[in-house]
Amino acid sequence: MAIREMFDSIAPRYDLLNRLLSAGRDIHWRRFAVKKLLTSLEGPYLDVATGTADVALEITKQAPTCRVVGLDFAFRMLELAKPKIAGQPIELVRGDALAMPFPDNTFLGSIVAYGVRNFPDRLQGLKEMARVVKPGGRVVILEFSTPPGLVGEVYHLYFHHILPRIGGLLSGNPRAYSYLHESVEAFPPPQVFCDMMAEAGLARVRALPLTFGITMCYVGEKPWHTET
Ligand SMILES: C[S@@+](CC[C@H](N)C(=O)[O-])C[C@H]1O[C@@H](n2cnc3c(N)ncnc32)[C@H](O)[C@@H]1O
């Protein structure tokens, strides 16, 4: 099943499953990442793969007057986002993160939460996120990671055996939640991903572990001058 259809199929239970399967930690992770994104309260900011707009809403919570654009290619995810963003300065755009419909240097910063793992060409997605950000702006990525040691083993058991069962049962799409665990395990280790961010043209790249490294918050900056 293609990624877009998969997200369309799990959309109605997406928010509930996020809260349940992360024991509410996902709210804290998004809040942390948005704090890293905001360099000014003015905006505009771009939330890539916005889904049901939780990150876009967190941006307007922390910077109430700033304009936010949420981009996603899954129609049903965006339909669920619409009532949630009512009255907020958020605009939803349907489009592909690998070929964004925005000019260069449009946003003060761009962020993607739990979306980059699904991009068929991650480097291209990162280049796009950097392209649309003004020099000096930040590019922030929130993504699951596989923690080392004992925590990693417990996490593996949970991700491999428990999460796909609960996710499959409640969403009606068991494949989507076994895909989640497979794609997290196939995601590159933090240092390799940081190198990819640097290859996309970002500077001062760092990986900040959250909750024992279950999730990583990657931060990079678009340089003022590109090396020639
Ligand atoms: C796991 S959800 C994350 C949603 C949201 N960022 C959050 O924090 O809850 C991943 C989202 O990425 C979107 N997505 C995946 N690949 C995409 C692409 N190439 N272009 C646009 N959206 C994409 C999916 O449609 C889905 O809504």
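## Terms and basis

A residue is called buried if 20 or more other C-beta atoms lie within 10 Å of its own, exposed if 12 or fewer do, and partly exposed in between, with C-beta atoms placed from the backbone. The structure is a predicted model, in which local features need pLDDT of at least 70 and side-chain atom pairs count only at pLDDT 80 or more, while totals for chains, interfaces and linings use all residues. Residues are numbered from 1 along each chain as its sequence is written.

## Strand E1 and its partners

Strand E1 (residues 45-48) is covered on both faces, with Tyr-45 and Asp-47 buried on one side and Leu-46 and Val-48 buried on the other; strands (E, at least two residues) and helices (H or I, at least four) are DSSP runs numbered from the N terminus.

E1 pairs in the parallel sense with strand E2 (residues 68-72) over four bridges, where pairing requires that DSSP finds at least two bridges between the strands, and Leu-46 has Val-69 of E2 as its bridge partner. Four bridges also join E1 to strand E4 (residues 107-113), again in parallel, and here Asp-47 stands opposite Ile-111.

## The nonpolar core

The largest nonpolar core, meaning a set of buried Ala, Val, Leu, Ile, Met, Phe, Trp, Tyr and Cys residues joined through C-beta atoms within 7 Å, has 60 residues, of which Ala-33 and Val-140 touch the most other members. Strand E5 (residues 133-144) gives the most to this core, contributing six residues.

Leaving aside neighbours within four places in sequence, Ala-33 is in contact with Ile-111, Ala-113, Val-140, Leu-142 and Cys-217, contact being defined by backbone-placed C-beta atoms that lie within 7 Å.

How values were computed
Contact = placed C-beta atoms within 7 Å.
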